[in-house]
2 protein chains.
Amino acid sequence: MKDEKKRGRPRGFDAKAALGKARDVFWDKGFSAASLDNLSAATNLNRPSLYGAFGDKEALYLDALEGYRQDGMGVLTEALDPSLPLRDNIARVYAGALAIYLHGETAARGCFLIGTATAEAIQHERVREVLGRSLTDFDGEIEKRMRLAVERGELPDSADPQMLARLASAVMHSLAVRARAGDSRETLEAIARSGVELICGRS
Amino acid sequence: MKDEKKRGRPRGFDAKAALGKARDVFWDKGFSAASLDNLSAATNLNRPSLYGAFGDKEALYLDALEGYRQDGMGVLTEALDPSLPLRDNIARVYAGALAIYLHGETAARGCFLIGTATAEAIQHERVREVLGRSLTDFDGEIEKRMRLAVERGELPDSADPQMLARLASAVMHSLAVRARAGDSRETLEAIARSGVELICGRS
DNA sequence: AGAATTTAATGCGAAACGGTATAAAATATG
DNA sequence: CATATTTTATACCGTTTCGCATTAAATTCT
């Protein structure tokens with residue numbers, strides 16, 4: 001469904017890979033501090049090619065954000081596999097987050113969204129919109145699992161699924177910030193463990 | 001102890017007030033997107049005066065961060081008044097945070113540190129250092145109160161004061177991010193209430 | 001009063017910025 | 001093969017950036 005040969009010179013690069021490289025630059029520097037020269041160098045694309053494929057700098061950034069958001073949702077739904085106990089689900093959510101935030105083992109970059117989009121959110125309405133949607137969608141996915149947990153008796157009937165979900169997200173937001181502030185993997189994992197305990201009950 | 005008249009032309013502005021105006025600019029735009037022209041206009045200082053009083057842009061930003069950090073610690077210790085019950089203390093911490101994050105009632109700016117310093121933390125080591133220190137100091141102050149709570153029997157002996165403190169901070173970090181993402185005051189206050197419930201026990 | 005010293009104002013200057021005009025290269029179509 | 005169309009490469013344009021050089025103003029010290 002995409003083999004209709006477009007006429008004209010074919011593009012000589014993989015747009016998805018280039019977007020990933022651009023995302024890495026934004027991830028390290030933030031939107032404002034990342035220059036088109038940086039992005040051009042990282043993607044091996046000259047500026048007109050970048051512009052042609054993605055539009056201007058803001059559009060490229062929004063594309064990168066949206067891709068990250070979708071990847072994150074994928075990791076989340078995978079972690080929330082309802083055949084596992086709730087406690088395992090939440091632990092997996094945090095483990096998945098830390099795998100992204102710690103980036104390999106070495107330098108911690110934290111969360112791309114929380115680490116860079118928050119800074120631009122006041123001035124750039126579209127960035128704020130993506131950020132807000134990401135947070136609420138994340139909350140919502142966890143909330144669904146919390147509702148299921150109440151139905152199944154993993155949580156007491158008195159539990160408030162929406163609020164528990166938001167607090168479960170809150171722990172992750174904190175991991176995102178702390179990772180970028182340079183906290184050690186050990187510290188972050190300890191917080192994650194304690195978070196699971198607190199959210200899912202001490203039973 | 002500061003009436004020793006310096007010789008030479010006296011400075012014609014209040015450095016502290018100027019720093020506050022500069023902080024507001026950084027708060028809205030972030031470090032990288034804030035230009036010296038913006039800062040100059042907001043403070044009513046021409047660039048050489050800014051430079052003379054605070055040094056370059058990064059030094060000015062670090063000054064603003066440090067001032068915010070200290071203000072925040074002041075609000076925190078006030079909220080943690082040990083003559084009040086733990087539950088009230090934590091509720092006051094969140095209320096104090098939201099008062100800052102929501103800025104009046106209208107446009108939400110979130111937390112200056114979490115909203116802007118996280119973005120620069122990877123590239124600017126000194127910013128990362130201030131951010132990290134701010135987070136750990138905050139945790140530490142709450143941890144002291146948690147220890148006291150265990151001694152007093154407000155929390156069970158089995159409670160882990162360090163981890164409870166970090167999770168209490170986590171809720172605040174989430175408020176900081178969500179405020180900047182545009183969440184309503186009602187939502188944020190509801191999260192704060194639920195956070196108090198979760199941290200301080202459902203009793 | 002005059003010298004010394006500090007701050008304030010104007011404005012410059014080199015570099016970096018985002019974005020694009022222009023032309024060459026590569027492919028499909030007729 | 002010629003033409004149309006799309007991508008790539010080079011180079012450039014106007015603007016904005018940060019920082020400072022220079023000069024004027026205001027105050028203290030001698």
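How far is a base nitrogen of DNA strand C from an N or O atom in the side chain of A:Arg9? The distance is 3.3 Å. Keep in mind as you read that this structure is a predicted model.

## One chain on its own

Let's start with chain A. This chain has 9 helices and 0 strands. If you walk along chain A from the N terminus, the elements read α-α-α-α-α-α-α-α-α. You can also picture the extent of the chain: along its principal axes, the C-alpha trace of chain A spans about 65 × 40 × 30 Å.

Now for charged side chains that pair up. Over all chains, the count of salt bridges comes to 32. One of these is found in chain B, where the side chains of B:Arg69 and B:Asp137 meet with 2.8 Å from N to O. This pair links distant parts of the chain, as B:Arg69 sits in helix H4 (residues 57–79) of chain B and B:Asp137 in helix H7 (residues 125–152) of chain B, 68 residues apart.

## How the two copies are related

Two copies of a chain are related by a rotation about an axis and a shift along it. Here, chain A is superposed on chain B by a rotation of 180° with 0.0 Å of shift along the axis, and the RMSD is 0.1 Å. That is the relation of a two-fold axis. The same surface serves both copies, since 100% of the contact residues of chain A recur in chain B.

## Where chain A meets chain B

How many residues does each chain bring to the contact? Chain A gives 40 residues, and chain B gives 40 residues. The size of an interface is often given as the accessible area lost when the parts come together. For chain A and chain B the buried area is about 3400 Å², with 66% of it on carbon and sulfur atoms.

Look next for links across this interface. There are 2 salt bridges between chain A and chain B, and one of them joins the side chains of A:Arg178 and B:Asp139 at 2.0 Å, N to O. The interface also holds 12 residue pairs in polar contact, both residues being at pLDDT 80 or more. On the side of chain A that touches chain B, two or more residues come from each of helix H1 (15–29), helix H6 (112–120), helix H7 (125–152), helix H8 (161–180) and helix H9 (185–200) of chain A. The most come from H8(A), with 12 residues. By residue type, this side of chain A divides into 19 nonpolar, 12 polar and 9 charged.

## Around DNA strand C

Which residues come nearest to DNA strand C? Of the 26 residues around this strand, they are A:Leu36, A:Tyr51, B:Arg7, B:Gly12 and B:Pro48. The surface near DNA strand C is made up of 8 nonpolar, 6 polar and 12 charged residues. At least two of its residues come from each of helix H2 (36–43) and helix H3 (47–54) of chain A, and from helix H3 (47–54) of chain B.

What part of the strand faces the protein? Of the atoms of DNA strand C within 4 Å of the protein, 75% belong to sugar or phosphate and the rest to bases. You can find some contacts to bases as well: a backbone N or O atom of A:Gly8 lies 3.4 Å from a base oxygen of DNA strand C, and a polar backbone atom of B:Arg9 is 3.0 Å from a base oxygen of this strand.

## Around DNA strand D

Turn now to the other strand. Of the 26 residues around DNA strand D, the nearest are A:Arg7, A:Gly12, B:Arg7, B:Leu36 and B:Tyr51. Sugar and phosphate make up 77% of the atoms of DNA strand D that come within 4 Å of the protein.

Two contacts here reach phosphate oxygens of DNA strand D: a backbone N or O atom of A:Gly12 lies 2.3 Å from one, and a polar side-chain atom of B:Lys57 lies 3.0 Å from one. The elements giving two or more residues to the surface near DNA strand D are H3 of chain A, along with helix H2 (36–43) and H3 of chain B. A base is involved too, with a polar backbone atom of A:Arg9 at 2.9 Å from a base oxygen of DNA strand D. The residues of this surface divide into 8 nonpolar, 6 polar and 12 charged.

Note on methods:
Residues are numbered from 1 along each chain as its sequence is written. Chains are lettered from A and ligands numbered from 1 in the order in which they are written. This is a predicted model: local features need pLDDT of at least 70, side-chain atom pairs count only at pLDDT 80 or more; totals for chains, interfaces and linings use all residues. Side-chain values use heavy atoms; hydrogens and water are left out. A residue is near a molecule or strand if one of its heavy atoms lies within 4 Å of it. A polar contact is a pair of N or O atoms within 3.5 Å; within protein, one must be able to donate a hydrogen and the other to accept it, and residues adjacent in sequence count only if both atoms are side-chain atoms. Helices (H or I, at least four residues) and strands (E, at least two) are DSSP runs, numbered from the N terminus. Ala, Val, Leu, Ile, Met, Phe, Trp, Tyr, Cys and Pro count as nonpolar, Asp, Glu, Lys and Arg as charged, and the others, Gly among them, as polar. Contact means heavy atoms within 4.5 Å. Buried area is the accessible area (1.4 Å probe) that two parts lose on being put together, summed over both. A salt bridge is a side-chain nitrogen of Lys or Arg within 4 Å of a carboxyl oxygen of Asp or Glu. Copies are superposed by least squares on the C-alpha atoms of residues with pLDDT of at least 70 in both.
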